[in-house]
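Me: I'd like to go through this one slowly and ask how you get to each label. Can you show your reasoning as we go?

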Amino acid sequence: FNDARKVWMENAQPLEKYVTTAENAGFHVEVPKALPLAVSMRSQSFFGLIRNRIWSTFSYFSDEELDAGIEEMKATYKRPSIEFNDDINLLVLSLPL
């Protein structure tokens with residue numbers, strides 16, 4: 001929903017930020033990668049993930065705001081499933097010996 005998209009845009013960090021943070025903490029970054037992920041799931045399952053705040057973006061919203069956002073999504077995506085492409089940031093870290 002639109003308000004969640006705004007919060008995500010304000011807080012999203014590039015992969016390089018995570019690499020720098022890990023290196024500054026003393027880790028060696030073995031493999032920094034953004035992996036593509038095709039997501040497809042039943043709409044009700046997806047809305048349940050939002051309601052349960054599986055992504056930190058949704059921690060900024062009250063239960064009522066999440067319910068309103070889910071209703072906004074239901075009006076926009078009138079399908080039994082939600083499908084989108086995402087990227088997962090993957091870091092393989094090691095500590096120097």
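Reply: Happy to, starting with what the element names mean: helices (H or I, at least four residues) and strands (E, at least two) are DSSP runs, numbered from the N terminus. Keep in mind that this is a predicted model.

Me: Where does that put Arg53?

Reply: Arg53 sits in the loop between α3 and α4.

Me: What makes the phi of Arg53 worth a remark?

Reply: The phi of Arg53 is positive, about 60°, although Arg53 is not a glycine.

Me: How do you know whether Arg53 is buried, exposed or partly exposed?

Reply: Its relative accessible area is 29%. Buried needs under 20% and exposed needs over 50%, so a value in between is called partly exposed, and that is where Arg53 ends up.

Me: Why is the contact between Asp63 and Arg53 called a salt bridge?

Reply: Their side chains meet at 2.9 Å, N to O. The cut-off for an Arg nitrogen and an Asp carboxyl oxygen is within 4 Å, so the label fits. This pair links distant parts of the chain, with Asp63 in helix α4, Arg53 in the loop between α3 and α4, and their positions 10 residues apart. Asp63, at 47% relative accessibility, counts as partly exposed. In general, side chains of opposite charge can pair when their charged atoms come close.

Me: How many salt bridges does the structure hold?

Reply: Four. One of the others joins the side chains of Arg51 and Asp67 at 3.2 Å, N to O. Arg51 is in helix α3 (residues 43–51) and Asp67 in helix α4 (residues 63–76), so this bridge ties together parts that are 16 residues apart in sequence. Arg51 has 38% relative accessibility and counts as partly exposed, and Asp67 is partly exposed too, at 36%.

Me: What about Lys6 and Asp3, which meet at 4.0 Å: how do you know that counts?

Reply: The rule asks for a nitrogen within 4 Å of the oxygen, and the 4.0 Å, N to O, between Lys6 and Asp3 is accepted as a salt bridge. Why they are about one helical turn apart is simple: they are three residues apart in helix α1 (residues 2–11). Asp3 is partly exposed, with 42% relative accessibility.

Me: On to the rings. How many aromatic pairs turn up in a search of the whole structure?

Reply: Six. Among them is the pair of Phe1 and Phe61, with 5.3 Å from centre to centre and 65° between the planes. Phe1 is in the segment before α1 and Phe61 in the loop between α3 and α4, so by the DSSP-based naming the pair links distant parts of the chain, 60 residues apart.

Me: Why is the pair of Phe1 and Phe61 called edge-to-face?

Reply: First, ring centres must lie within 6.5 Å to pair, and planes over 60 degrees apart count as edge-to-face. With 5.3 Å and 65°, Phe1 and Phe61 meet both conditions.

Me: How do you know whether Phe1 and Phe61 are buried or exposed?

Reply: Buried means under 20%. Phe1 has 11%, so it is buried, and Phe61 counts as buried at 9%. They also belong to one aromatic cluster, formed by Phe1, Phe46, Phe47, Trp55, Phe58, Phe61 and Phe84.

Me: How much space lies in the largest pocket, and which residues are closest to its centre?

Reply: The largest pocket holds about 1,200 Å³ of space. It is lined by 36 residues, and Trp8, Trp55, Thr57, Phe84 and Asp86 are the closest to its centre. β2 gives the largest share of the lining, eight residues. By type, the lining divides into 22 nonpolar, eight polar and six charged residues.

Me: What makes Thr57 buried?

Reply: Thr57 has a relative accessible area of 12%, and the limit is under 20%, so the label holds. Thr57 is in the loop between α3 and α4. Leaving aside neighbours within four places in sequence, Thr57 is in contact with Ala4, Val7 and Trp8.

Me: And how do you know whether Ser43 is buried or exposed?

Reply: By the same kind of check: Ser43 has 4%, so it is buried. Ser43 lies in helix α3 and touches Arg79, Pro80, Ser81 and Ile82, not counting residues up to four places away in sequence.

Methods
Residues numbered from 1 in each chain as written. Predicted model: local features only at pLDDT ≥ 70, side-chain atom pairs only at ≥ 80, totals over all residues. Heavy atoms only, no water. Buried < 20%, exposed > 50% of the residue type's maximum accessible area, 1.4 Å probe, protein only. Phe/Tyr/Trp six-rings, centres within 6.5 Å; stacked < 30°, edge-to-face > 60°. 1 Å grid on protein atoms, 1.4 Å probe; cavity = no way out; pocket = protein on both sides within 12 Å on 5 of 7 lines; lining within 4 Å. Points joined across faces, edges and corners; volume = space filled by probe spheres on them. Nonpolar A, V, L, I, M, F, W, Y, C, P; charged D, E, K, R; others polar. Contact = heavy atoms within 4.5 Å.
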